[in-house]
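Colleague: I am new to reading structures. Please pick one part of this model and take me through it slowly, from its surroundings down to single residues.

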Amino acid sequence: MQETGYSQVIAEDTLDGKAYYRNMEFSKSFMPKEVFPYYSMCSYRYSPNLRDNQQQFYSIDPKINLLESQLAPVPELHRLFLSEKEVTSALFFSIHVGGQFWGLLIGHHHKEKNIDLQQRKLCTFMIQNATSKYENYINQDLLERGKLLKDVEVNLKIDLLKYKTANCALCNIWVPSWTWSMQTVWPYLIRVMFIFTGSVRIKDSYMRS
């Protein structure tokens with residue numbers, strides 16, 4: 001999922017090695033925020049047969065929230081999409097990074113597939129573990145870049161104070177001072193630009209991956 005609401009398939013693994021969905025993009029209407037709770041309220045969603053949708057459900061509590069159980073049906077738009085792709089069985093694992101819904105890992109088959117509870121829980125654990133490692137990597141990298149930015153700020157202040165150009169490092173009206181100031185500050189500005197560029201790239205990767 002992206003901040004814009006658009007989504008994209010970024011990876012795919014198939015038995016025949018062909019890519020059927022990779023790089024496929026979806027509009028905001030395909031994954032509206034209204035469907036987030038369906039995938040987020042459970043660590044996974046499993047439907048052994050998406051075509052078997054004629055089940056009846058009875059409850060003594062009219063306000064029961066089916067989203068808290070595996071009995072909740074797959075969102076209609078997603079069910080129709082998978083049906084057009086001749087998908088019969090599907091298993092959805094939700095991925096959250098930084099407490100926010102990041103995306104889905106989906107396994108599917110054109111025939112009805114029965115996956116026992118132990119296998120589903122094992123897959124859930126593996127995905128959560130991988131997500132945790134990815135999140136730690138992102139946080140560590142941001143911390144390192146934050147420290148580098150702080151070091152640049154400190155060094156810049158020291159040099160500006162040393163040469164008494166604290167208030168006019170980049171806008172000194174004296175040509176000699178301006179030339180010297182730019183020569184002194186420029187390496188730091190380059191490093192700051194690199195830091196900000198890297199941070200944006202990381203954030204973009206973080207949101208799009």
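Modeller: What follows is a close look at one strand, β4, and then at the parts around it.

Some ground rules come first. This is a predicted model, in which local features need pLDDT of at least 70, side-chain atom pairs count only at pLDDT 80 or more, and totals for chains, interfaces and linings use all residues. Residues are numbered from 1 along each chain as its sequence is written, and side-chain values use heavy atoms, leaving out hydrogens and water.

Now the overall layout. The protein has four helices and five strands. Here helices (H or I, at least four residues) and strands (E, at least two) are DSSP runs, numbered from the N terminus. Reading from the N terminus, the order is β-β-α-β-α-β-β-α-α. Of the 209 residues, 29% are buried. Buried means under 20% relative accessible area, exposed means over 50%, and partly exposed lies in between, with a 1.4 Å probe and protein chains only.

Next comes the sheet. The strands β3, β4 and β5 form an open sheet in that order, with antiparallel pairing. Two strands pair if DSSP finds at least two bridges between them. The edges are β3 (44-47) and β5 (100-109), and each of them pairs on one side only. From one strand to the next, the twist averages 15°. Such angles run from 0 to 180 degrees between N-to-C directions, and the axes are lines fitted to C-alpha atoms.

Look at the two pairings of β4. With β3, strand β4 (residues 89-97) pairs over four bridges. One of these links serine 47 to alanine 90 in β4. With β5, strand β4 pairs over nine bridges, again in the antiparallel sense. These two strands form a hairpin with two residues between them. In that turn, glycine 98 has a positive phi of about 65°.

How enclosed is β4? Eight of its nine residues are buried, so β4 is largely enclosed by the rest of the structure.

Take serine 89 as an example. Serine 89 sits in strand β4. Its relative accessible area is 3%, which means it counts as buried. In β5, its bridge partner is histidine 109. Beyond neighbours within four places in sequence, serine 89 is in contact with residues including Tyr46, Ser47, Gly107, His108 and Lys113. Contact means heavy atoms within 4.5 Å. A polar atom of the serine 89 side chain also lies 3.5 Å from the backbone oxygen of lysine 113.

Now step across to β3. Tyrosine 44 is found there. Tyrosine 44 is buried because its relative accessibility is 9%. Leaving out residues up to four places away in sequence, it touches Gln70, Leu91, Phe92, Phe93, Leu117, Arg120 and Thr124. Its side chain makes a polar contact with the side chain of arginine 120, at 3.3 Å. A polar contact is a pair of N or O atoms within 3.5 Å; within protein, one must be able to donate a hydrogen and the other to accept it, and residues adjacent in sequence count only if both atoms are side-chain atoms. Tyrosine 44 and isoleucine 106 lie 62 residues apart in sequence, but 9.5 Å apart in space, C-alpha to C-alpha.

Where do nonpolar residues gather? A nonpolar core is a set of buried Ala, Val, Leu, Ile, Met, Phe, Trp, Tyr and Cys residues joined through side-chain atoms within 4.5 Å. The largest one has 19 residues, and Met31, Tyr39 and Leu82 touch the most other members. β4, α1 (36-40) and α2 (76-84) each supply at least two of its residues. The largest share, three residues, comes from α1. Another core, of eight residues, lies apart from it and includes Tyr44, Phe93, Val97 and Ile127. In soluble globular proteins, nonpolar side chains tend to be buried together.

Last, the loop that leads into β4. Glutamate 86 is in the loop between α2 and β4. Its relative accessible area is 56%, so glutamate 86 is exposed. Its phi is near 60°, a positive value in a residue other than glycine. Most residues other than glycine have a negative phi. Compare serine 89, which is buried in β4.
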